[in-house]
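Trainee: I am new to this structure and would like a close look at a single part. Could you walk me through it once it is on screen?

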Amino acid sequence: MRDPYEVLGVPRNASAAAIKSAYRKLAKKHHPDSNKNDPKAAARFAEINSANEILGDEEKRKAFDRGEIDAEGKPRFTGFPGGGARGRTGPGGFETYTFRSGGGGPGGFGGGAFEDILNSMFAGGGARAGRAGAGAGPFEFEMGGGGVGVDLDLNVSMTVSLEEAVRGAEKRVRLPTGKELNVKVPAGVTAGQQIRLKGQGETAPGHPPGDLLITINIAPHPYFKVEGSDLRLDLPVTLYEAVLGGKVRVPTLTGAVELSIPKNTSSGRTFRLKGKGLPKTGAANGDLFVTTRIMLPDGNDAELETLMQKWKDARPYNPRSDLA
């Protein structure tokens with residue numbers, strides 16, 4: 001990948017705001033949805049996203065500027081302290097580092113001793129060491145299959161509704177590369193759970209493709225509140241339903257049910273509907289807890305006010321008598 005500063009077209013001393021502005025303009029210009037007839041649009045869009053992942057993150061930007069990570073955000077091997085390593089690209093794309101021995105005299109290592117150090121450091125680690133000449137030649141090693149691994153997994157998030165989480169659904173997800181996939185969300189999925197799609201991650205020569213990891217988020221529901229596997233619902237009731245009692249319809253995730261409200265039900269009274277909560281693996285469903293909230297009609301009602309005044313005069317009571 002090209003230098004991220006070059007990709008976004010900003011100088012190395014650009015402010016965070018300038019980087020953010022440049023990224024937004026380029027992402028909008030090269031978005032695959034706006035360039036459906038351009039087969040290279042997705043690649044450009046992915047490159048822009050990758051550059052922003054480096055420069056848009058303060059810590060990653062500093063690490064890149066210091067040469068600690070490359071343009072793809074992967075760590076660079078910078079040698080060992082005091083080792084005097086010089087790197088070059090060897091066969092197969094490996095980084096080859098050459099160490100000059102200091103000879104057998106003061107201030108240096110003897111050839112055999114230094115070779116022993118390399119052998120002990122990289123024993124079983126996939127490194128290859130070679131000796132060009134006793135006491136004077138360079139030693140070389142390559143980070144092979146046992147060296148630093150390549151992370152080709154992709155991580156994205158997906159937001160589903162509470163109903164979709166309970167029943168399952170098929171959703172479309174867009175990858176950072178611009179590619180879109182249809183994903184089957186299993187029934188009973190929970191917030192924070194991950195769905196793994198094998199082989200749908202990034203690719204690199206000589207490595208199997210990575211996986212796509214989708215983290216599930218559940219959108220807030222307009223009236224249900226989730227508490228573990230239980231649900232809570234505030235149920236509005238009229239004044240006459242609270243006083244006279246009656247049956248009221250209560251929504252659940254599997255359809256409305258009837259709840260019997262006893263006479264003289266106060267606002268804040270909670271009823272438990274067993275098994276009407278969220279499904280649990282290997283156990284009974286959670287419960288739905290319904291709390292009544294007495295709602296008065298909108299606007300002023302002269303008849304209701306007259307009735308309440310008569311009630312107040314004839315049967316006064318203080319529900320706050322137990323409060324200090």
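In which loop is the place of His-221?

Mentor: Happy to help! This is a predicted model, in which local features need pLDDT of at least 70, side-chain atom pairs count only at pLDDT 80 or more, and totals for chains, interfaces and linings use all residues. Residues are numbered from 1 along each chain as its sequence is written, and side-chain values use heavy atoms, with hydrogens and water left out.

His-221 sits in the loop between strand 9 (212–218) and strand 10 (224–227); strands here are DSSP runs of E, at least two residues, numbered from the N terminus. With a relative accessible area of 15%, His-221 is buried (under 20% relative accessible area, with a 1.4 Å probe and protein chains only). Setting aside neighbours within four places in sequence, His-221 is in contact with Leu-162 and Glu-163 (heavy atoms within 4.5 Å).

Another part to look at is the hairpin of strand 6 and strand 7. Strand 6 (residues 169–174) runs antiparallel to strand 7, and 6 bridges join them; two strands pair if DSSP finds at least two bridges between them. Glu-170 has Lys-184 in strand 7 as its bridge partner. There are 5 residues between the strands of this hairpin, where Gly-178 takes a positive phi near 95°.

Side chains alternate along strand 7 (residues 180–185): Leu-181, Val-183 and Val-185 are buried and point to one face, whereas Glu-180, Asn-182 and Lys-184 point to the other and are not buried. Lys-184, the partner of Glu-170, is thus on the face whose side chains are not buried.

Conventions:
Buried means under 20% relative accessible area, exposed over 50%, partly exposed in between (1.4 Å probe, protein chains only). Helices (H or I, at least four residues) and strands (E, at least two) are DSSP runs, numbered from the N terminus.
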